[in-house]
Amino acid sequence: MSPAPGLGADTRSRDRRRPALVFAAVGGVLVVIAAILIWAARLSLAKNSYVSGLGATGEVTAPVFNAALLMVAVGGLSIAVALQRAARPGNGSPKRSRIAGILVPWLLVAGSSVSFFVASQVTCTYECPIPSSPLFTVQDAVHISFAVLGFTLACLAMIGSAIGARLRVVRRVSWIAGAAVAVVAGIGGLLSLAEIGQQVGSWLEFAAMTIALLWLVGYGLAEALTVGRSDDGGGVAAVGEDARQLDAASTGLRG
């Protein structure tokens, strides 16, 4: 006797969920540890510093920061694998399919992680001079380019998840996180380039980094936990069904 269709679907979902959860959990642990190390390095430094400045050549915090940035890259790649394993086989809402087909979160997270890997290996020179400074070098240009690219791809991944995530709450959080990272990091970067309010700008950059890392961990785990569950339709599905999905996801996160 052949298994019931529902049982076969449940088995396939479990087969996809297990590896997705493993990759999401491993990546999440690495990213959280990296965030703690970066904040510990920042708080141990008596002077003002932007994020990249912690890893600059000759800086006392460079070994810890660059190791942490490498952990972000490896953890991000692990979460990207989890997202790829958890991805639906193209049966999302037709209204979102075209945009979601371009802004594929797992690809963007992977690209962001590779960018941060390069930034962890090619650090800026001491105190990370801005482009208008006579001390600015090719090394600084490479580091800043890949760091900015990493942040940009992360923001695009947030937009992609805001469009294509299974759960409405994840989509809403992704919109908020993406907007916050773009605005906060943008203001911090402008203050840095203008060489005004640099103390405020540096803390804004650390805040944007923290938001992005927490979103990455939460999104990866949420997508892995909800493998096999139907999409809530982005507001088209019934309210009762949406509530049941959210309750099921929160129960999985607690358990």
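In this report, Ala, Val, Leu, Ile, Met, Phe, Trp, Tyr, Cys and Pro count as nonpolar, Asp, Glu, Lys and Arg as charged, and the others, Gly among them, as polar. Keep that in mind as we look around this predicted model.

**The overall fold**

Let's start with the chain as a whole. It has eight helices and zero strands, so its pattern along the sequence reads α-α-α-α-α-α-α-α. Of the 255 residues, 43% count as buried.

**The largest pocket**

The largest pocket holds about 1300 Å³ of space. Its lining is made of 50 residues, and Y50, V51, S52, A147 and E205 lie nearest the centre. Two or more lining residues come from each of α2 (62-86), α4 (105-121), α5 (138-164), α6 (168-194) and α7 (198-225). Among the elements, α5 gives the most, with nine residues. What kinds of residues line the largest pocket? There are 31 nonpolar, 14 polar and five charged residues in the lining.

**Salt bridges**

Next, look for oppositely charged partners. The count comes to three salt bridges, and here they are:

| Acidic partner | Basic partner | N to O distance |
|---|---|---|
| E59 | K47 | 3.1 Å |
| E127 | K47 | 3.6 Å |
| E223 | R166 | 3.1 Å |

K47 appears in two rows, and K47, E59 and E127 are linked in a network of salt bridges. E59 and K47 both lie in the loop between α1 and α2, so their pair ties together parts that are twelve residues apart in sequence. The pair of E127 and K47 links distant parts of the chain: E127 is in the loop between α4 and α5, 80 residues from K47.

Are the members of this network buried or exposed? E59 counts as buried because its relative accessibility is 9%, below the 20% cut-off. K47 is partly exposed at 30%, while E127 is exposed, with a relative accessible area of 52%.

The remaining pair joins E223 in helix α7 to R166 in the loop between α5 and α6, so it ties together parts that are 57 residues apart in sequence. Both partners are buried: E223 has a relative accessible area of 7%, and R166 has a relative accessibility of 2%.

**A nonpolar patch on the surface**

Finally, turn to the outside. V29, I33, L37 and V64 form a nonpolar patch on the surface, with about 290 Å² of accessible area together. Helix α1 (residues 5-44) supplies the largest share of this patch, three residues. One residue in helix α1 is I33, which counts as partly exposed because its relative accessibility is 37%.

Definitions and conventions
Residues numbered from 1 in each chain as written. Predicted model: local features only at pLDDT ≥ 70, side-chain atom pairs only at ≥ 80, totals over all residues. Heavy atoms only, no water. Patch = residues over 30% accessible without salt bridge, like charges linked within 9 Å, V, L, I, M, F, W, Y side chains within 5 Å. Areas by Shrake-Rupley, 256 points an atom, 1.4 Å probe, with all protein chains shown as cover. Salt bridge = Lys/Arg side-chain N within 4 Å of Asp/Glu carboxyl O. Helix = DSSP H or I, 4+ residues; strand = E, 2+ residues; numbered from the N terminus. Buried < 20%, exposed > 50% of the residue type's maximum accessible area, 1.4 Å probe, protein only. 1 Å grid on protein atoms, 1.4 Å probe; cavity = no way out; pocket = protein on both sides within 12 Å on 5 of 7 lines; lining within 4 Å. Points joined across faces, edges and corners; volume = space filled by probe spheres on them.
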